[in-house]
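Please look through the sequence and the model shown here, and then follow a short walk through two of its features.

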Amino acid sequence: MTLFNGFGKNTCGQFRMWVFWRLRMLFVLCVVVELLTVMVGGEGTPGILELQLDEEQPAGTIVGDISAGLLPGVTASLYFISDHEGTGISSDLHIDETTGIIKTARRLDREERDHYSFIAVTMTGFTVKVSITVNDINDHAPAFPKNKATLKIPEQTAVGTKFSLEPATDADKDQLTVQGYQIKEGNVGQVFRLETKRAANKVLYLDLVVNGVLDREKRSSYSLVFEAFDGGSPRKTGQMTLDVLVQDINDHAPTFNQSRYNAIISESLPQGSNILQVFATDADEGDNGLVLYEINRRQSDPDHYFVIDPRSGIITLNKLLDYEVRKVHELVVQARDNASHPEITNAFVTIHVRDYNDNQPTMTIIFLSEDGSPQISEGAQPGQYVARISVSDPDYGEYSNVNVSLEGGDGKFALTTKDSIIYLIYVDQTLDREERDSYELRVMATDSGTPPLRAESSFTIHVTDVNDNPPLFDQQAYKQTIPEVVYPGSFVLQVTARDKDQGPNGDVRYSILPDKKTLASWFTIDPITGIITTATKLDYETDPKPSIKVVATDGGRLPLSSTALVEIDLQDSNDNEPVFESSFYNVSIKENTSAGTCFLEIFLHFLLLLWLFDLRSFVSLIYTAVVSGVQNVAVEKLLHGTAGG
């Protein structure tokens, strides 16, 4: 008693608690032993309780009651719960061992754990297998691996080309995972579309498909906003931005700002002086759009009078000029890009060299052709005007004292004026383009100063064609010998005609002049080449020397033509059998007719047969017939006998 009292109240309470737990553990051990005995012995049938609830329910949500899994008539006042590490029972669920009520201990997340299971044992040893399924709710939105990405696509990529993109993922499952994609923004011109394919791993993969022509020069980039959506209601979405950069290819050539450049410089211009600048642009980018300039030395300025800066396009005088040596320099300037396979464009630079003068006269020349170019028809009559020239001189004002002269043209052109201000160039002699198709003219205007100053202009007058020449055959008559037996379409010969005119006026076409008397239908001619061929079978016996007339016609509005005779000698072939005029002859002669008497006119028609057959046999047969007194001789017997004898 003293010892017990010496423990005090606290020590006594702890001792009672220790005894309580020891008894409880002993009780549990007895129950487990009994449970094992029942299970080993096969006595009793365990109950099954299947429960489910949606994820994300608040802590304390009732999941179910273990007693619902007891068999009818079975009751329990205490449950022992089987639990071990890793099942999540003790951390995620709160199970009342007395009532059997199961509640959530926290918000459950199906994506972390979608199923719980444990066994509850009653004091009497009855077991209940409890299974809890956590149902998915649409609590996750689709998400792309990156919020922003970049894709480079070459321009002119073929329509239908696909580019695989990283797909979006959704922690939810089945219908609540990713169901599709769409382009929300940035698809200008609808040049892209999307294609999807769900793989065996349930991931919905995404391809970007080129749906239109990509032209970097029109649009160099696209900022596409993709949206992935699930199958929830309402559905959840996730977005990403894809920057599509259209990569350049060298699909544009440099373009000059003008196709021809002109400059007038003095022959006294010092070496190294800048003359003019050419300029070209290229719509491509990078090296594909970097324009470099050079003078084509093969086509122009082989003496290097001029040089050009490859970057700026500035043309500089490289050698001193001499007006008397050359008055006009024509340059071919190339602009090429810096691509591995460069595109090249040409421009023409005309540099007029001017005599060193101060205020020289000026001239304005207007050509009076329909299109304003320096040309005149060869059919122009003497007196017809070619060009109008107006002159002025700043030194003398409106009424300049300028003398205008014309050089060149070999006397075909002349100059006239009425007021010494307006001059007219006119045709002075008949022109013939076939003799000469252009004339170099130079108009010079010289003032009356001291020393006199002069302006001049050189140009070429082109003589245009009129249809004044007919085609002419190389020969007026052609002869050819061919076999009588040739196939239709066989070559006979080729005729050639030439026309001095130009263009359609000089285009020659051939034909055969129809003539029934000459059997022209036996032959045909190619209208372009003049090759004559047979059109049908030939017959020496009908005409051994057929002839045809071939016509050569030009393409003028009022066409001109000429003809040539083609004579053809046919070589006979043995293609005909002898033919009697009658198939039967009947004649009577007297028996005392003397030998050598003509008794039948058939001999006149049988001369060819007499040549072919044995003449002796034929005469002998006739003699025998006369001697024996034969009255009727059939030609058929005659022929057969002669041929056989």
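The paragraphs below turn to a sheet and then to a pocket.

The model is a predicted one, and a convenient place to begin is an open sheet built from 3 strands, which are arranged in the order β2-β5-β4 with antiparallel pairing. At the edges of this sheet lie β2, covering residues 62-65, and β4, covering residues 93-95, each of which pairs on one side only. Between neighbouring strands of the sheet the average turn is 20°, with direction ignored. Looking at one of these pairings in detail, β2 is joined by 3 bridges to β5, which spans residues 101-104, and the two strands run antiparallel; within this pairing, I62 has K103 of β5 as its bridge partner.

From the sheet, attention can move to the largest pocket, which holds about 810 Å³ of space. Its lining is made up of 24 residues, and those that lie nearest the centre of the pocket are V328, H352, E456, S457 and S458.

Which strands supply at least two residues each to the lining of the largest pocket? These are β16 (260-266), β22 (328-337), β23 (344-354), β24 (362-367) and β31 (454-464), and the largest share of the lining, 6 residues, comes from β31. In chemical character the lining of the largest pocket is mixed, since its residues divide into 9 nonpolar, 8 polar and 7 charged.

Note on methods
Residues numbered from 1 in each chain as written. Predicted model: local features only at pLDDT ≥ 70, side-chain atom pairs only at ≥ 80, totals over all residues. Heavy atoms only, no water. Pairing = 2+ DSSP bridges. Helix = DSSP H or I, 4+ residues; strand = E, 2+ residues; numbered from the N terminus. Axes fitted to C-alpha atoms, helices over the stretch in contact; angles between N-to-C directions. 1 Å grid on protein atoms, 1.4 Å probe; cavity = no way out; pocket = protein on both sides within 12 Å on 5 of 7 lines; lining within 4 Å. Points joined across faces, edges and corners; volume = space filled by probe spheres on them. Nonpolar A, V, L, I, M, F, W, Y, C, P; charged D, E, K, R; others polar.
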